[in-house]
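Hi everyone, thanks for making the time. I'd like to walk you through some cysteines and some aromatic rings today.

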Amino acid sequence: MTARDPRLPAPLAVPDPGRLDPARPDYQAILAAHGRALDAGEDGYLDPATGWWSFTAAYLWERGTCCDSGCRHCPYVNQPARLAGP
């Protein structure tokens with residue numbers, strides 16, 4: 001068994017549209033809060049609209065698998081397509 005690379009691939013840092021609709025009026029604010037948490041190495045952030053805690057994609061990536069809880073920033077959702085890009 002080889003060690004897993006803990007670094008999150010950049011395309012997976014952006015939420016899948018099925019988990020966070022880009023048409024939401026607070027989409028950019030959510031991405032900004034997520035980006036600040038990623039830059040700071042934090043496990044999550046407070047959602048700017050609801051105040052609820054959201055785990056970062058990096059934290060979820062380090063777990064190693066999807067937990068099927070519907071996490072907003074789950075890096076495992078639709079992973080092949082997200083890594084392939086547009």
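I'll take the cysteines, then the ring pairs.

A word on the basis: this is a predicted model, where local features need pLDDT of at least 70, side-chain atom pairs count only at pLDDT 80 or more, and totals for chains, interfaces and linings use all residues. Residues are numbered from 1 along each chain as its sequence is written, and side-chain values use heavy atoms, with hydrogens and water left out.

So, how many disulfides does a search of the whole structure find? Zero, taking a disulfide as a pair of cysteine sulfur atoms within 2.5 Å. Cys66 is in none, and its nearest cysteine sulfur, that of Cys74, is 3.8 Å away. For Cys67, the closest cysteine sulfur belongs to Cys71, at 4.2 Å, which is too far for a bond. Cys66 is partly exposed at 28% relative accessible area, and Cys67 is partly exposed too, at 30%. On that scale, buried is under 20%, exposed is over 50% and partly exposed is in between, with a 1.4 Å probe and protein chains only.

Now the rings. There are two aromatic pairs, meaning Phe, Tyr or Trp rings (the six-membered one for Trp) with centres within 6.5 Å; planes under 30 degrees apart are stacked, over 60 edge-to-face, and the rest tilted. Phe55 and Tyr59 are stacked because their centres are 4.4 Å apart and their planes at 15°. Phe55 is partly exposed at 34%, as is Tyr59 at 26%.

Trp61 and Tyr76 also stack, with centres 5.5 Å apart and planes at 15°. Trp61 is buried, at 9% relative accessibility.
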